[in-house]
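I opened my notebook and set out to read one model from the whole chain down to single residues. Here is what I looked at.

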Amino acid sequence: MLIAVYILFAIAATSRAGLQIATKFDEAPVAYLLSAVAALIYIVAAVGLARAGHTGRRVALACCSVELAGVVGVGVLSLVDAELFPDETVWSGFGSGYGYIPLVLPVLGLLWLWRTRTRTGSGTDAPIAA
């Protein structure tokens, strides 16, 4: 389910950013480029979460971490200085335009990665019981 939501957000953010960049880039270039960055992170996170193995998990961990920092950072900036964001981004207002899912999604991703982590050095790839 988590991967499906990431794929849905990848499609939504890519579509929105693509349309905004193609039709009105000059109105809010920073906002539209941030939406494109969010779209790229959602795509890479979905792939990382879907891939089995150490590399996929590391990619997903990096993406979820950057995503959380991005949504919190852009969320704060969009409230402190609204003039920086004359149009909404996926992350502005902490993802309010998307029902705050952009704020919750990386937290769920990080929790899932933590919950399904494996023991290292013990010769087993069994998940660690919480």
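My entries follow, starting with the overall fold.

**Entry 1: the whole chain**

I noted at the start that this is a predicted model. I then looked up the secondary structure. The chain has four helices and zero strands. Along the sequence I read the pattern α-α-α-α. I looked up the extent too. The C-alpha atoms fill a box of roughly 55 × 30 × 20 Å along the principal axes. Next came burial. The chain has 130 residues, and 33% of them count as buried. I also checked how far apart in sequence the contacts reach. Among contacts between residues at least 6 apart in sequence, 59% join residues at least 24 apart.

**Entry 2: how helices pack**

I reminded myself that two packed helices are described by the angle between their axes and the distance between the axes. I looked up both values for three pairs.

**Entry 3: α2 and α3**

I started with α2, residues 29–50, and α3, residues 54–80. At what angle do the axes of α2 and α3 cross? They cross at roughly 150° and come within 8 Å. That makes α2 roughly antiparallel to α3. The crossing is left-handed. From α2, the contact uses L34, I41, Y42, V44, A45, G48 and L49. From α3, I listed G56, R57, V59, A60, C63, V66, E67 and V74. I sorted the contact of α2 with α3 by class: 11 nonpolar residues, two polar and two charged.

**Entry 4: α3 and α4**

I moved on to α4, residues 101–115. The axes of α3 and α4 come within 9 Å and cross at roughly 150°. So α3 is roughly antiparallel to α4. This crossing is left-handed. On the α3 side I found R57, A60, L61, C64, S65, E67, L68, V71 and V72. They meet P102, L103, L105, P106, V107, G109, L110, W112 and L113 in α4. The residues of the contact of α3 with α4 divide into 14 nonpolar, two polar and two charged.

**Entry 5: α1 and α4**

I took α1, residues 2–24, as the last partner. How far apart are the axes of α1 and α4? They are 11 Å apart, and the packing angle is about 145°. α1 passes α4 in a left-handed crossing. In α1, I listed L2, V5, Y6 and F9. These meet I101, P102, L105, P106, L108, G109 and W112 in α4. By class, the contact of α1 with α4 has 10 nonpolar residues, one polar and no charged.

**Entry 6: S35**

I then picked a single residue in α2, S35. Is S35 buried or exposed? It is buried, because its relative accessible area is 0% and the cut-off for buried is under 20%. Leaving aside neighbours within four places in sequence, S35 is in contact with A13, A17, Q20, E88, T89 and V90. I looked closer at V90. Its backbone nitrogen lies 3.3 Å from a polar atom of the S35 side chain.

**Entry 7: L111**

My last residue was L111, which sits in α4. It is partly exposed, with a relative accessible area of 49%. I compared its position with that of C64. The two are 47 residues apart in sequence. In space, L111 and C64 are 10.0 Å apart, C-alpha to C-alpha.

Terms used. Residues numbered from 1 in each chain as written. Predicted model: local features only at pLDDT ≥ 70, side-chain atom pairs only at ≥ 80, totals over all residues. Heavy atoms only, no water. Axes fitted to C-alpha atoms, helices over the stretch in contact; angles between N-to-C directions. Helix = DSSP H or I, 4+ residues; strand = E, 2+ residues; numbered from the N terminus. Parallel < 35°, antiparallel > 145°, perpendicular 65-115°, else oblique. Left-handed = near helix turned anticlockwise from the far one by under 90°. Contact = heavy atoms within 4.5 Å. Nonpolar A, V, L, I, M, F, W, Y, C, P; charged D, E, K, R; others polar. Buried < 20%, exposed > 50% of the residue type's maximum accessible area, 1.4 Å probe, protein only. Polar contact = N/O pair within 3.5 Å; in protein donor to acceptor, adjacent residues only side chain to side chain.
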